[in-house]
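Let's take a walk through a protein together, one stop at a time. Keep the sequence and the 3D view open as you read.

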Amino acid sequence: MTDAAVTRASALKSARRLEGVNLVNGKLVGPSGKELFELYDPATRELIVRVANSGTADVDEAVAAAKRAQREWAQVPARARGKLLVEAASVLGRHSEELAGLLALESGKALRTECRVEAANVVDALQFFGGLAGEIKGETVPFAPGVLSYTQREPVGVVAAILPWNVPLMLMAIKIAPALVAGNCVVVKSAEETPLTVLRAAELLSAELPPGVLNVLSGDGPRCGAPLVAHPDVAKVTFTGSVETGRTIYRTAADKLIPVTLELGGKSPMIVLPDADFDKAVAGAVVAMRFTRQGQSCTAASRILVHSSLHDRFVESLVEKISEMTIGDPLDEATDIGTIISEVQFDKVRGYIEAGRETAGAVAHEGAELPGDERLAEGFFVRPVVFTGIDNAHPVAREEIFGPVTCVMPFDTLDEALEIANDTPFGLAASVWTRDLKTALVAVNSLEAGYVQVNQALVAGVNISYGGYKQSGLGKELTLDSMLDHFTHSKSISLNFQ
Ligand code: ADP
């Protein structure tokens, strides 16, 4: 049986239970210095709760708990670890409505279009990695007659998982699941903006695992994230966030000579060729741009390259589609589009929209109406914007906005489209829309991106390798290979009894 349907009141109640605590050694505990910060509802700007702002002492405590637990956890047979995770995932599944409600409350993402989907995907991701436990295998090596040479996979140790705010629950799951199944223990640091859902989910998971295997700290980047990365007992960092923070983490990790996985930004192109299924491509653009997530996605199709013959009709249809969407209270079942995460992001997104508007020749086509509800008057709501007349060199087309802002740019030849598509510092994802296989393959082979899709632009899912080229990051996630590459050491062994 799953939990009861969520309301704002029930979400607030779940949030208040988590006031000022971390999850360390299997228990909810207050931060050592009792330092707290305030967490506001992005839809109403009302105070939700005060959250732990953990510091070095809390980091030391959490890493020590993970280190203590690690030796025994590594001794648990891999399939037994996987089974525990699968069982823990089903516990999470029974609380998915509570988790979705908490997520909608703190993130401003719509409950129906985003948060419930994320809560369900999390269960799937945990089960997927749990089921892969038996694949943590080595190889035998033909070394010499009479000598048995083989490899075995061993855990790396204590893993630090540093999370962003856009899909916090899912990103926690895809980091902790392979790490735990491979025999590591984890200290998660949640993002300042979304500490609650992660903490509640980890509390539920942790109750099914030995104490210390999974720990969660709330806190800001400099006070909590930096000392966690720098901690001498942290053997691996997996991070999703901005390019700038990714670089800072990489530098610290370089000093310690520990491995990192970095999933950074994107400015993903979508190329619509003249023979594309027009309606499918327009509907695909709404999904690809993640308008239901206010565009707050690394893979958002924030540059839509449309063949000149279709350009004007495409823009018109896209704006029409967006206009059918409802912007509103994230916890309202009728809402398609919620809020931007925070005031900082709200100002940043509006700054880009202003910069676009002020550009000669650019037109901002807006869709969907802002909510009329007085209670939401101060919320961080932004109408989706489709720009035309923006050049690929413009900051709106060049920089990651992380808001509901895309530009549609015309092209005449495939070569021209591919040149524009690749003219970006990022390389996370791309999509191509055509009915012609040869054209599709030329595009697929030319695009500098970690994930290229043809005639679809779905959100990344488990079992599809995910990770960027260029400034979009280092390493892959979501697959068996990524679990083996990023969360295990391969030890070579030769036995010679001759
Ligand atoms: P954004 O700008 O979208 O908040 P960040 O990359 O700054 O993205 O944040 C992503 C995560 O990285 C958050 O959990 C944040 O607290 C953390 N973080 C920020 N600075 C550091 C740092 N110097 N070391 C470790 N983690 C950090």
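Which residues of H7 are buried? They are Leu196, Thr197, Val198, Leu199, Arg200, Ala201, Ala202, Glu203, Leu204, Leu205 and Ser206. Before we go on, please remember that this is a predicted model. Helix H7 covers residues 196-206, and 11 of its 11 residues are buried, so the helix is largely enclosed by the rest of the structure. Here "buried" means that a residue has under 20% relative accessible area. Keep that cut-off in mind, because a residue that falls under 20% will be called buried at the later stops too.

From H7 we can step back along the chain to the loop between strand E8 (185-189) and H7, where you will find Ser190. With a relative accessible area of 1%, Ser190 is buried. Try finding Ile162 as well: Ser190 and Ile162 are 28 residues apart in sequence, yet their C-alpha atoms are 6.3 Å apart in space.

Now look at strand E7, which runs over residues 158-162 and holds Val159. Val159 has a relative accessible area of 1%, so it is buried. Its C-alpha atom is 6.2 Å from that of Cys185, and the two residues are 26 positions apart in sequence.

Next comes the ligand. How many residues surround the ligand? There are 17 of them, and the closest are Leu163, Lys189, Glu192, Ser242 and Thr245. If you sort the shell around the ligand by class, you get seven nonpolar, seven polar and three charged residues.

Let's zoom in on some individual atoms. A polar backbone atom of Leu163 is 2.7 Å from an oxygen atom of the ligand. Trp165 takes part through its side chain, with a polar atom there lying 3.2 Å from a ligand oxygen. For Ala226 the backbone is involved again: one of its polar backbone atoms is 3.4 Å from a nitrogen atom of the ligand. How much of the ligand does the protein bury? Taken alone, the ligand exposes 550 Å², and the protein buries 79% of that.

The space that the ligand takes up is the largest pocket. Two elements give two or more residues to the shell around the ligand, namely helix H8 (221-230) and helix H9 (243-256).

Our next stop is strand E11, made of residues 260-263, which is the place of Thr261. Thr261 has 2% relative accessibility and so counts as buried. Compare its position with that of Val156: the two residues are 105 residues apart along the chain, and 13 Å separates their C-alpha atoms.

Further along, Pro384 sits in the loop between strand E14 (363-366) and strand E15 (385-388). Its relative accessibility is 1%, so Pro384 counts as buried. Between the C-alpha atoms of Pro384 and Glu343 there are 17 Å, with 41 residues separating the pair in sequence.

To finish, let's turn to two backbone angles. Arg290 is not a glycine, although it has a positive phi of about 50°. You can find Arg290 in the loop between helix H10 (278-288) and strand E13 (303-307). Lys470 also has a positive phi of about 50° without being a glycine. This residue is found in strand E20, which consists of residues 469-470.

Are these residues buried or partly exposed? Arg290, at 5% relative accessibility, counts as buried. Lys470, at 37% relative accessibility, counts as partly exposed. The label for Lys470 follows because partly exposed residues lie between the limits of 20% and 50%.

Note on methods: Residues numbered from 1 in each chain as written. Predicted model: local features only at pLDDT ≥ 70, side-chain atom pairs only at ≥ 80, totals over all residues. Heavy atoms only, no water. Near = heavy atom within 4 Å. Polar contact = N/O pair within 3.5 Å; in protein donor to acceptor, adjacent residues only side chain to side chain. Areas by Shrake-Rupley, 256 points an atom, 1.4 Å probe, with all protein chains shown as cover. 1 Å grid on protein atoms, 1.4 Å probe; cavity = no way out; pocket = protein on both sides within 12 Å on 5 of 7 lines; lining within 4 Å. Sits in = over half its atoms within 2 Å of the grid points. Helix = DSSP H or I, 4+ residues; strand = E, 2+ residues; numbered from the N terminus. Nonpolar A, V, L, I, M, F, W, Y, C, P; charged D, E, K, R; others polar. Buried < 20%, exposed > 50% of the residue type's maximum accessible area, 1.4 Å probe, protein only.
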